[in-house]
Amino acid sequence: MTYTVAVRELCEFTAKQGDLDLRFTPAPTALEGIAGHAVAAARRGTGYRAEVTLSGSYQTLRVRGRADGYDPAQQRVDEVKTFKGSLDRQPASHRHLHWAQAKVYGWLLCEQEGLAHIDVALVYLDVGTQQETVFTERCSAADLRQHFEAQCQRFIAWAGRETAHRTARDAALGALAFPFGGFRTGQRPLAEAVYKAAVAGRCLLAQAPTGIGKTMGTLFPLLKAAPAQRIDKVFFLAAKTSGRQTALDALARMAHSAPALPLRVLELVARDKACEFPANACHGESCPLARGFYDRLPAARAAAVANADDGSPAPALLQTRVRDVALQHDVCPYYLSQELARWADVVVGDYNYYFDLGGLLHGLAQANQWRTAVLVDEAHNLVERGRKMFTAELHPAALAQARSSPAAARHAPVKKALDKVRRAWVALDKAQTAAYTVLDAMPDKLLAALQQCTTTLTEHFTDHPTEPDAALQAFYFDALHLQRMADLLDAHSMVDITRPAAGPGARLPKPGDSVVCIRNLVPAPFLQPRLAAAHTSTLFSATLQPARYYADLLGLPADHAWVDVESPFAARQLQVQVARHISTRYAHRTASLAPIAALMAQQFRERPGNYLAFFSSYDYLQQAAALFARQHPDVPHWSQSRRMAEGEQREFLARFTDTSQGIAFAVLGGAFAEGIDLPGQRLVGAFVATLGLPQINPVNEQIRERMQALFGAGYDYTYLYPGLQKVVQAAGRVIRTPSDEGVVHLMDERFAQPQVRSLLPAWWAGPAG
């Protein structure tokens, strides 16, 4: 079996050496890199060929890639690298890697064109000055072939193991049986839809009830489809830690049911959870796990994927296992996990690893031309998460901290550039008369000042790479992100300026105190290319209604499939009551507290047990909890607090047992409104004291206007659909298994409205009350 590898991947495997060095030095953006390559190509003579596709073989290895350029007249191949700052500071290890890549392209061209020799050129283009520095070496075809084969020989043993792994993996997946005795009701149609989407190479939007086993119902069919569809990687993307853990548990269950299954599962975690020396910088002079990282990486990589001593497949690469392997080989656990993403079959991580503009998994997939399958867990969250990814904000505190930084004090150009931004910001605020303003475009003078400032800061960081300055870097990154989003500004986003209101005892806001924001409203234009890049993708959740709302905002392809899986639960299992005598509208909040407390107490006395009560805000929650405690002190209760740590969240949930009783007060849309599992007597009911509608404020009203202009449904897209999605998720905590029975009280008269009822789950069989 032939193993195919990209030139870049081959050389990064064989030619990287020395320290992991992530001292911050500005690098060109992807767009600057593309533009730089175009500049270099345009300067070449007639007949120059840019982006030359090449491939070659060595034994069972096929190597492919695209040379940046080839000049037949000069018989020269160019490897173009863009950079900023001084080339003299380039580490020798980088130059070594670049030569390795260039010479591989040199051999592939010699072989393709029948050349006896060729000039191999490293072309370094400074994106700031547009100046080129060229290093050229005349190489014989024989020498280049020897270099090529040497790289291949270093890789081919690994490639052989990878080929054997892939063959064994696909054979085992073909024989894999469902790890339970049978599918749950609703789980089989979901699995069939996922499998068919994989076979057809399509995108699937799947609404499936909470409690049917959606994670297993999507992972299992996708893995079964992988061999025939030649799927290289499965990316399971989740919004929260609980979603990632559910996926890891499902994969562990599969591994337990099929002990010989050689499936490499990798968990990706955030850097702050994996770093062993958070106070140290990421380079060999500061961190011992960065020193010699690439020299020790091969042994660590091999150990991570090696079979167990008894010959059984390697254990899942969970955070703890990756850490153990990394520390045994004195390498950084976080960056070892990123390297292992190249060799895993299933990667479980957060949305941002794929959908963010610089997402690791998407970048690797594109560079290596992987055939990928993407699963998006609790996909209703991707709307808001997507908006945050593509929103950019500048806060006055960030600028103030940058202006007070050591660099600003020591380096006049830095202070001057930051001061110019401050003056432009102050002038902008003086021209505004309202507390909230929406502009047609990013203000020219502030944008120009920011561009000049980031240019100055780029030069500063390049010239002073050993002077870390966290505040200055933070402002620099914020400014760069805002500039990038300004370049991409379209109908999907808006520019707004918010001036702070003076709080009790606070000083009055001054010009320059505003928050400047490029606010993404429709993430579809950014998410769509990511979804299109995958061979197949499935976005699933219990709340994806109406489907057109998610298709519009997430950028699903026009031919995407849709499945609405029938619930396995019967209407008799869940009593849904509408409290028509209660209004939770903002103007009626105070009046609603007494009837809410009375209804909750009545339900508890009729059926003692564990309940969750959801409110639209912490203030509303605290008012309701205080009144309930005064009027019904005999009923146990506990409340969610602001900014709960993970340990506090675990303590909150630990109070729900099979024998306990009480009412827990929580915020709708918060940590306890989705992604938690309290089956049986651990939870017998829920109270929802709100429709979950977002607050009416200037920002949301602007969003409503934009949604109306784009989709003709401004109120629904801004308020109704997002609100009821939270309600259904919260109510979904009650019935988790076919044997569960419970009650949900929808405490607002608007739940009786036909439009609202039509957006509630059909199996609820019509709320009573």
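**Cavities, a pocket and selected residues in the predicted model**

The lining of the second largest cavity has 4 nonpolar residues, no polar residues and 6 charged residues. This cavity belongs to a predicted model, and its volume is about 70 Å³. Its walls are made by Glu9, Glu12, Phe13, Lys16, Tyr294, Leu297, Arg301, Glu339, Arg342 and Trp343. At least two of these lining residues come from helix H1 (7-14), and at least two from helix H9 (293-305).

The search that revealed this space found 3 cavities of 30 Å³ or more. The largest cavity holds about 80 Å³, and its lining has quite another make-up by class: 10 nonpolar residues, 1 polar and 1 charged. Around it stand Leu20, Cys275, Glu276, Phe277, Asn280, Ala281, Cys282, Cys287, Leu289, Ala290, Cys332 and Pro333.

Turning to the pockets, the second largest one encloses about 1,300 Å³ of space. It is lined by 43 residues, of which Ser242, Thr246, Gly675, Ile676 and Asp677 are the closest to its centre. Three helices each contribute two or more residues to this lining, namely H6 (214-229), H7 (241-257) and H24 (646-654). Helix H7 gives the most, with 8 residues. Sorted by class, the pocket lining comprises 14 nonpolar, 15 polar and 14 charged residues.

Helix H6 also contains glutamine 229. With a relative accessible area of 13%, glutamine 229 falls under the 20% limit and is therefore buried. Beyond its neighbours within four places in sequence, glutamine 229 touches Ala198, Val199, Arg371 and His535.

A second residue worth a visit is serine 140, which lies in strand E6 (residues 132-140). Its relative accessible area of 27% makes serine 140 partly exposed. Once neighbours within four places in sequence are set aside, its contacts are Ala116 and His117. A polar atom of the serine 140 side chain also lies 3.1 Å from the backbone nitrogen of aspartate 143. Alanine 491, by contrast, is 351 residues from serine 140 in sequence, and the two C-alpha atoms are 55 Å apart in space.

The backbone offers a few points of interest as well. Most residues other than glycine have a negative phi, and most peptide bonds are trans. Glutamate 51, however, has a positive phi, near 50°. Glutamate 51 sits in strand E2 (residues 49-58) and is partly exposed, at 41% relative accessible area. Glutamine 59 likewise has a positive phi near 50°, but its place is in the loop between E2 and strand E3 (61-71). At 62% relative accessibility, glutamine 59 passes the 50% limit and so counts as exposed.

Finally, a cis peptide bond links glutamine 545 to proline 546, with omega at about 0°. Proline 546 belongs to the loop that runs between strand E16 (536-541) and helix H21 (547-554).

Methods
Residues numbered from 1 in each chain as written. Heavy atoms only, no water. 1 Å grid on protein atoms, 1.4 Å probe; cavity = no way out; pocket = protein on both sides within 12 Å on 5 of 7 lines; lining within 4 Å. Points joined across faces, edges and corners; volume = space filled by probe spheres on them. Helix = DSSP H or I, 4+ residues; strand = E, 2+ residues; numbered from the N terminus. Nonpolar A, V, L, I, M, F, W, Y, C, P; charged D, E, K, R; others polar. Buried < 20%, exposed > 50% of the residue type's maximum accessible area, 1.4 Å probe, protein only. Contact = heavy atoms within 4.5 Å. Polar contact = N/O pair within 3.5 Å; in protein donor to acceptor, adjacent residues only side chain to side chain.
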